[in-house]
Amino acid sequence: MLNPLILRIENLVIKYGDKPTLLDRLRHKPDTRFTAVDHVSFDVPTGGSVGIVGESGSGKSSLLRAIMGLNPIDSGNVRYQGTILNMGAYSDLRKSMQMVFQDPGTALDPMMTAGQTIAEVLRVHRIVDADAIPDRVNELLDMVAMPHDTADAYPKDLSGGQKQRIAIARALAFNPKLLVADEPTSALDVVVQAQILDVLKDLRARTGLTILTVTHNLDLVRYLCDSAVVMHNGKLVESGPVSEMFSHPRNDYTRELLAAAPKLAR
Ligand SMILES: Nc1ncnc2c1ncn2[C@@H]1O[C@H](COP(=O)(O)OP(=O)(O)O)[C@@H](O)[C@H]1O
Ligand SMILES: [Mg+2]
């Protein structure tokens, strides 16, 4: 049966700094660690599109990295398809969640063509038979609206937006159920941002892919997401359907964010 909640974040706490040792605790030395994510809980429905918004430093990237198993969790759980994920465990379950990063320039290997980048995933992870790889590469290029001859291009020959599409195609090569994106368009100019958003929106409509995006761009949330989570100083201050939040923000900070939006967007 399809799990109605693909992801549950349960009381998640992420701290940076050295964990107090037993001796420190016996000596009642205060815990001086910095709390980047402070008891955050929210759900991502299967097939949904959730945006996490908040200003720089509010803990958004820390939260995403913890979800992907790239950041240690101090307490709380990341529950994915009903299973609590432990950091570092690279299971098949984890392969079905893939991440796209802010800077497409550093995400791609400069020595590999776009086609090789995508084909490598298919080959190494044995996602399709070897003789089916070229066709699958073309299908994945179709999914991100890139012409097939892009397969021969190296990252240096591609624009920022094209590189981000290849990074998305590579993530899609895993047949993910959940796509996690950290500021996927903020390194791109406005026209290209809109194209990437269309790619994501289209993918979601066609494949039922669940999308969790971090952004400080409220236009992106309005366009792509059906619900949003607002973070401020590591805490979740508001969450709910985008339509309600934009028309009736309950929290003062959310109101401030919305009031500042014309400056952030476009
Ligand atoms: N590896 C780290 N070590 C120490 N502090 C960190 C580390 N990564 C992030 N931080 C701090 O945690 C807070 C949240 O950062 P981050 O999750 O990157 O926020 P956001 O993505 O919302 O800008 C910031 O104050 C940042 O300086
Ligand atoms: Mg960030």
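**Reading helices and sheets in a predicted model**

Mentor: Let us start with helix α2 (residues 60-67), which lies across β1 (5-16), β2 and β4 and runs at about 120° to β1. Contact is counted where heavy atoms come within 4.5 Å, and angles run from 0 to 180 degrees between N-to-C directions, with axes fitted as lines to C-alpha atoms, for helices over the stretch in contact. The model is predicted, with local features needing pLDDT of at least 70 and side-chain atom pairs counting only at pLDDT 80 or more, whereas totals for chains, interfaces and linings use all residues. Residues are numbered from 1 along each chain as its sequence is written, chains are lettered from A and ligands numbered from 1 in the order in which they are written, and side-chain values use heavy atoms, leaving out hydrogens and water.

Trainee: How many helices and strands does the protein chain have?

Mentor: The labels come from DSSP runs, numbered from the N terminus, of H or I over at least four residues for a helix and of E over at least two for a strand. On that basis the protein chain has 11 helices and 10 strands. Its radius of gyration is 19 Å, close to the 18 Å of the globule rule for 266 residues, so the chain is as compact as a globular protein of that length; the radius is taken over C-alpha atoms, and the rule is 2.2 Å times the number of residues to the power 0.38. The C-alpha trace spans about 60 × 45 × 40 Å along its principal axes.

Trainee: In what order do the 4 strands of the open sheet stand?

Mentor: Pairing requires that DSSP find at least two bridges between two strands. Here the order is β2-β1-β4-β5, with antiparallel pairing, and the edge strands, β2 (34-45) and β5 (83-84), each pair on one side only. Strand β4 (residues 75-80) is joined to β5 in the antiparallel sense over 2 bridges, and Arg 79 stands opposite Ile 84 in β5.

Trainee: Which strands stand at the edges of the sheet that also contains β3, and why is one side of each left without a neighbour?

Mentor: That open sheet has 6 strands in the order β6-β7-β8-β3-β9-β10, and its pairing is mixed. The edges are β6 (97-100) and β10 (235-241), each with a single partner strand, so one side of each has no neighbour in the sheet. From one strand to the next, the twist averages 15°. For a parallel pair, take strand β3 (residues 49-53) and strand β8 (residues 210-215), joined by 5 bridges, where Val 50 stands opposite Leu 212 in β8. For an antiparallel pair, take strand β9 (residues 227-232) and β10, joined by 6 bridges, where Val 230 faces Glu 238 in β10. These two strands form a hairpin with 2 residues between them, and Asn 233 in the turn has a positive phi of about 50°.

Trainee: At what angle do helix α5 and helix α6 pack, and which residues make the contact?

Mentor: Helix α5 (residues 114-124) packs against helix α6 (residues 133-143) at about 120°, with axes 10 Å apart. The two are therefore oblique to each other, given that angles under 35 degrees count as roughly parallel, over 145 as roughly antiparallel, 65 to 115 as roughly perpendicular and the rest as oblique. Their crossing is right-handed, the near helix being turned clockwise from the far one by less than a right angle (anticlockwise would be left-handed). Gly 115, Ile 118, Ala 119, Leu 122 and Arg 123 of α5 meet Ile 133, Arg 136, Val 137, Leu 140 and Leu 141 of α6. These residues divide into 7 nonpolar, 1 polar and 2 charged, where Ala, Val, Leu, Ile, Met, Phe, Trp, Tyr, Cys and Pro count as nonpolar, Asp, Glu, Lys and Arg as charged, and the others, Gly among them, as polar.

Trainee: How does α5 pass helix α7, and at what angle do α6 and α7 pack?

Mentor: Helix α5 and helix α7 (residues 160-172) pack at about 20° with axes 8 Å apart, and they are therefore roughly parallel. The crossing of α5 with α7 is right-handed. Ala 114, Thr 117, Ile 118 and Val 121 in α5 touch Ile 166, Ala 169 and Arg 170 in α7, a contact of 5 nonpolar, 1 polar and 1 charged residues. Helices α6 and α7 pack at about 125°, their axes 9 Å apart, which makes α6 oblique to α7.
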